[in-house]
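Visitor: I'm new to this one, and I'd like a close look at a single part: the aromatic rings and what surrounds them. Could you walk me through that slowly?

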Amino acid sequence: MTGRPEHGRPADGRPESLADLLGGRGGAVDATVPPVAFTVGWLLTDRSIVGGVAAAVLAGSAVAGWRVRRGDRPRSVLIGLLAVCVAAVIALRTGRAADFFLVQLFSNAASALVWLVSIAVRRPLLGVLVGVALRQRGRWRRDPALLRAYGRGSWVWAATYALRVAVFLPLWLGGQVVALAVARAALTWPLVAAALTVSWVVIRRSLPAGHPGLRHPVAPS
């Protein structure tokens, strides 16, 4: 026992975490399947980009169908499948297998920039996402303690995207397709799980003792 209050609980009284609120792990696992399928197909067809693309699109379609049956929102499913198709087109057009991972490289660079800007303008993206999940609109921004906590937690997520760019970029420049697939898998679900855990710890430790938690922003008197 630490003596600190639980910062937010769902209706059943179970301690709540960012994984409960954001549910990021499942989507992260799904995102690893098409790149791995591309690499396996590429290798099995004697390094044929067409073979890799066919495997990736089939895998992406299977993942999309499974996600729809699981009850995921059609829009997010279509975005995921579209990303696979765009990556496939880029690889086919350039004739370079490593370019299948170019979309991922650019998306992580853009994400790192967005998270950093959100912190700089005092609208940390972690707070925005949790606020949407809790249907708080902008009420959390009027709580100085929550604003500070979300800002600190957002640094964790900005760092995850920057780490991916730092790993992916030299591998892409070197055309290391297998290494890119391994890095994509290693830096997807495990990194998301770590970011969810670490940013939650950062938020909890940033909130003062006695704060009612994420679900109950405290406006200054």
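Guide: Let's start with what counts as a pair: rings of Phe, Tyr and Trp (its six-membered ring) pair if their centres lie within 6.5 Å, and planes under 30 degrees apart count as stacked, over 60 as edge-to-face and the rest as tilted. By that rule, a search of the whole structure turns up six aromatic pairs.

Take phenylalanine 100 and phenylalanine 101. Their ring centres sit 5.7 Å apart and their planes meet at 80°, so this pair is edge-to-face. Both phenylalanine 100 and phenylalanine 101 are buried, where buried means under 20% relative accessible area, exposed over 50%, and partly exposed in between (1.4 Å probe, protein chains only). Add Phe38 to Phe100 and Phe101 and you have one aromatic cluster.

Another pair is tryptophan 140 with tyrosine 150, also edge-to-face, with 5.3 Å from centre to centre and 90° between the planes. Tryptophan 140 belongs to the loop between helix H6 (125-133) and H7, while tyrosine 150 is in helix H7, so the pair ties together parts 10 residues apart in sequence. Tryptophan 140 is buried, at 2% relative accessible area, and tyrosine 150 is buried too, at 0%.

Before going on, a word on what you're looking at. This is a predicted model, in which local features need pLDDT of at least 70 and side-chain atom pairs count only at pLDDT 80 or more, while totals for chains, interfaces and linings use all residues. Residues are numbered from 1 along each chain as its sequence is written, and side-chain values use heavy atoms, with hydrogens and water left out. As for pLDDT, it is the predictor's confidence in each residue, from 0 to 100. The chain averages 87, and 86% of the residues score at least 70. Over residues 1-15, though, the pLDDT is below 50; beyond near neighbours in sequence, that stretch has 27 contacts in the model, a contact being heavy atoms within 4.5 Å.

The rings belong to a chain with nine helices and zero strands; helices (H or I, at least four residues) and strands (E, at least two) are DSSP runs, numbered from the N terminus. Helix H7 (residues 144-173), home of tyrosine 150, has the highest mean pLDDT among the elements, 97, and helix H1 (residues 18-22) the lowest, 64.

Now back to the rings and their company. Threonine 39 lies in helix H2 (residues 24-44) and is buried, with a relative accessible area of 5%. Leaving out residues up to four places away in sequence, threonine 39 touches Phe101, Val177, Val178 and Ala181, and Phe101 is the one you met in the cluster.

Elsewhere, arginine 96 lies over the face of tryptophan 172, 5.2 Å from the ring centre. A charge sits over a ring if NZ of Lys or CZ of Arg is within 6 Å of the ring centre and within 35 degrees of the ring normal.

Finally, look at H6, on one side of tryptophan 140's loop. In H6, Leu126, Gly127, Val130 and Gly131 are buried. These residues cover an arc of only 130° around the axis, which puts them on the same side of H6; the arc is that of the directions from the helix axis to the C-beta atoms. Following H6 comes arginine 135, with a positive phi near 55°.
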